[in-house]
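Trainee: I have a list of labels and I want the reasoning behind each one. Can we go through them?

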Amino acid sequence: MPRPAERPSPDRLLREAAARLDRRRFLTVTSAAATLAFTVNLPSAHADTPEFAPRLITDDPFTLGVASGDPLPDAVVLWTRLAPRPLEPGGGLPPAGSVRVGWEIARDERFRRVERRGSVRAHAEFNYAVHVDVDGLDAARGYFYRFTVGAWASPVGRTRTAPARTRRPERTRFAVVSCQAYEDGYFTAYRHLADEDLDAVFHVGDYVYEYAIDAAGGDRKYTDRVLPAALDHETVTLEDYRLRYSLYKNDPDLQAAHSAHPWYVTWDDHEVENNYAAGIPEKNQDPAPFVARRAAAYRAYWENQPLRLPQPRGTDLTLYRRVHCGQLAQFDILDTRQYRDDQANGDGWQYPTPESQDPRRTLMGATQERWFAEGLRRSRATWNVVPQQVVFSRRKNTTAERSKLSMDAWDGYPAARERFLKAVDEAGTKNLLLLTGDVHVAYAMDVKRDFDDPGSRTVGVEIVGTSVSSDGDGEEKPSNWATLTAANPHMKFYDGRRGYTTLTLDRHRARADYRTVSHITRPGGTVSTAASFVTEAGNPGLHPA
Ligand SMILES: [Fe+2]
């Protein structure tokens, strides 16, 4: 089977776009390129940045909470960002300079047994974001952490290191979340997620949305505050994206979920723009400014997430990565957005065509595909878990023989899906568990070796987690519930309400609990379990628990 060509890099796209354009439009590209250079090509050393005294910060700078992420057996990344007035430009701090931030990590909540402490500088250049990669920690242990600036102390966060690579832990429990449009409702799901007993949270994309948010916060219908007009247009510039993260991170429910558990994050489309593909914007916008926009969005993402990755260089940010829960689970966290071919047939729901079925089409890019296949071959884990973005399994939206499919999901990239399944076959992967977001509903699906043949082998399972808030309250059985479940016999569950999904893995089975909240367009929703499924190790296929 032919392999896809590597995607041209956005840097190259930008140069090519500039070469194609006439002189008048070239000015636009030149200014876009200048913006880009300003946005991303910044030095990584700040030794000469002037440092100002913490006492100049007269309001609590910890309005965005704290977070931890990407735990390893001996290390975890601690994050915060200083913003005394989060919804003002610059967060209420000087537009240049830096300030010293202390951090400590302890065995106990009262910080009597501090394991490590230190200080770093938060820089205006990075919107006063702080990433501390604390190492020298014990494996599979809970820790507490906090930051200080002068007399100000942050809230205390809880985190947990991963088990040692050589161990096969009895059990692990984690959650999958996605899609949190602020303007669609409250983050009630996170309030409840914070109370769960979890080792980690996986966020599979749409952490922020780019759309305009009105003064009342959309469907949150605030009466006690007025959001700034700067939020009431689509995000384009670095300042726009930074302000968007400030709004989200200021939410108390989101803060509770971050401070309760370490997170592993990956993005989908809305962190930049709906349904973009690599360097190609959603509609027919000029590609050069889009690449500058994407670079700004990636940078703001990096600034605001507890990532171990170095700061973005150029226009790209390598986000796909592999982590382990000892030998119980290997997690291949994918990025199906940054390297994909453009959606076929003009995107949306379309009948498959030679265009969508072109064997060269890629969703992961050739480099990530090779990395994924190699990782499966080397895996010694009981479970191979793949947190990723868009629906992997076939999803027909009519019971007719020939049916339209989503061109943005793996259904629009069938050759790429076939290569993925071939890699699973060739590696002898026994327990494949895909974790998906994007669609704002929950599904439980068996992954068939050949979706055209309902009798074909089940090679794994796909747990599609619903949205945290996107699309509002939702309903248990959306209008297409009966059609979708009849049209797709491998679909074992479909629920249209908001929430999150917890996964509990041991050596014998994996269990998914679909947690749904009663409502989100007003505060105070309650949580319950809509359904639970299990799949047995060595015998893939979902069964009601
Ligand atoms: Fe979404």
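Mentor: We take the metal site, then the rings, then a hairpin and a helix. Keep in mind that this is a predicted model.

Trainee: What makes Cys179, Asp206, Tyr209 and His440 donors of the iron ion?

Mentor: Distance and atom type. A donor is an N, O or S atom within 2.8 Å of the metal. Here the atoms are SG of Cys179, OD of Asp206, OH of Tyr209 and NE2 of His440, and they lie 2.0 to 2.6 Å from the iron ion. Along the chain their spacing reads C-x26-D-x2-Y-x230-H.

Trainee: Why is the arrangement around the iron ion called irregular?

Mentor: Look at the angles. The 4 donor atoms subtend 87 to 170°. Tetrahedral needs all angles between 85 and 135 degrees. The upper value of 170° breaks that, and the arrangement is classed as irregular.

Trainee: What do cysteine 179 and aspartate 206 tie together?

Mentor: Parts that are 27 residues apart in sequence. Cysteine 179 is in the loop between strand 9 (171-177) and helix 3 (188-193). Aspartate 206 is in the loop between strand 10 (200-203) and helix 4 (238-249).

Trainee: How do you know whether cysteine 179 is buried or exposed?

Mentor: Buried means under 20% relative accessible area. Cysteine 179 is at 0%, so it counts as buried. Aspartate 206 is also at 0% and counts as buried.

Trainee: Now the rings. How many aromatic pairs are there?

Mentor: The count comes to 30. Take phenylalanine 52 and tyrosine 128 as one of them.

Trainee: Why is that pair called edge-to-face?

Mentor: The centres of phenylalanine 52 and tyrosine 128 are 6.2 Å apart, and the limit for a pair is 6.5 Å. Their planes stand at 65°. Over 60 degrees counts as edge-to-face, so the label fits. The two residues are 76 apart in the chain, and both are buried.

Trainee: What makes phenylalanine 392 and phenylalanine 420 a tilted pair?

Mentor: The planes are at 55°. Stacked needs under 30 degrees and edge-to-face over 60. The value fits neither, so the pair is tilted. The centres are 4.7 Å apart. Phenylalanine 392 lies in the loop between strand 15 (383-387) and strand 16 (405-406), and phenylalanine 420 in helix 8 (residues 414-427). Phenylalanine 392 is buried at 0%, and phenylalanine 420 at 2%.

Trainee: Which residues do ring pairs link into a cluster?

Mentor: Tyr182, Tyr186, Phe187, Tyr190, Tyr207, Tyr222, Tyr245, Tyr248 and Trp263. Phe187 also has arginine 220 over its face, 4.6 Å from the ring centre.

Trainee: How do you know that lysine 477 sits over the ring of tryptophan 481?

Mentor: The cut-off is 6 Å from the ring centre, within 35 degrees of the ring normal. The charged end of lysine 477 is 4.1 Å from the centre and sits over the ring.

Trainee: What makes strand 12 and strand 13 a pair?

Mentor: A pair needs at least two bridges. Strand 12 and strand 13 (residues 329-333) have 5, in the antiparallel sense. They form a hairpin with 3 residues between them, and glycine 326 in the turn has a positive phi of about 50°. Valine 323 stands opposite phenylalanine 331.

Trainee: Last one. How do you know that the span of helix 4 agrees with its length?

Mentor: At 1.5 Å a residue, its 12 residues should span 16 Å. The end C-alpha atoms are 16 Å apart, so the two agree. Helix 4 is also mostly covered, with 11 of its 12 residues buried. Tyr245 and Tyr248 are among them.

Conventions
Residues are numbered from 1 along each chain as its sequence is written. This is a predicted model: local features need pLDDT of at least 70, side-chain atom pairs count only at pLDDT 80 or more; totals for chains, interfaces and linings use all residues. Side-chain values use heavy atoms; hydrogens and water are left out. Donors are N, O and S atoms within 2.8 Å of the metal (3.2 Å for Na, K and Ca); water is not among the atoms, so sites may look incomplete. Four donors count as tetrahedral if all angles lie between 85 and 135 degrees; four count as square planar and six as octahedral if opposite donors are over 155 degrees apart and all others between 65 and 115; anything else is irregular. Helices (H or I, at least four residues) and strands (E, at least two) are DSSP runs, numbered from the N terminus. Buried means under 20% relative accessible area, exposed over 50%, partly exposed in between (1.4 Å probe, protein chains only). Rings of Phe, Tyr and Trp (its six-membered ring) pair if their centres lie within 6.5 Å; planes under 30 degrees apart count as stacked, over 60 as edge-to-face and the rest as tilted. The expected span of a helix is 1.5 Å times one less than its number of residues.
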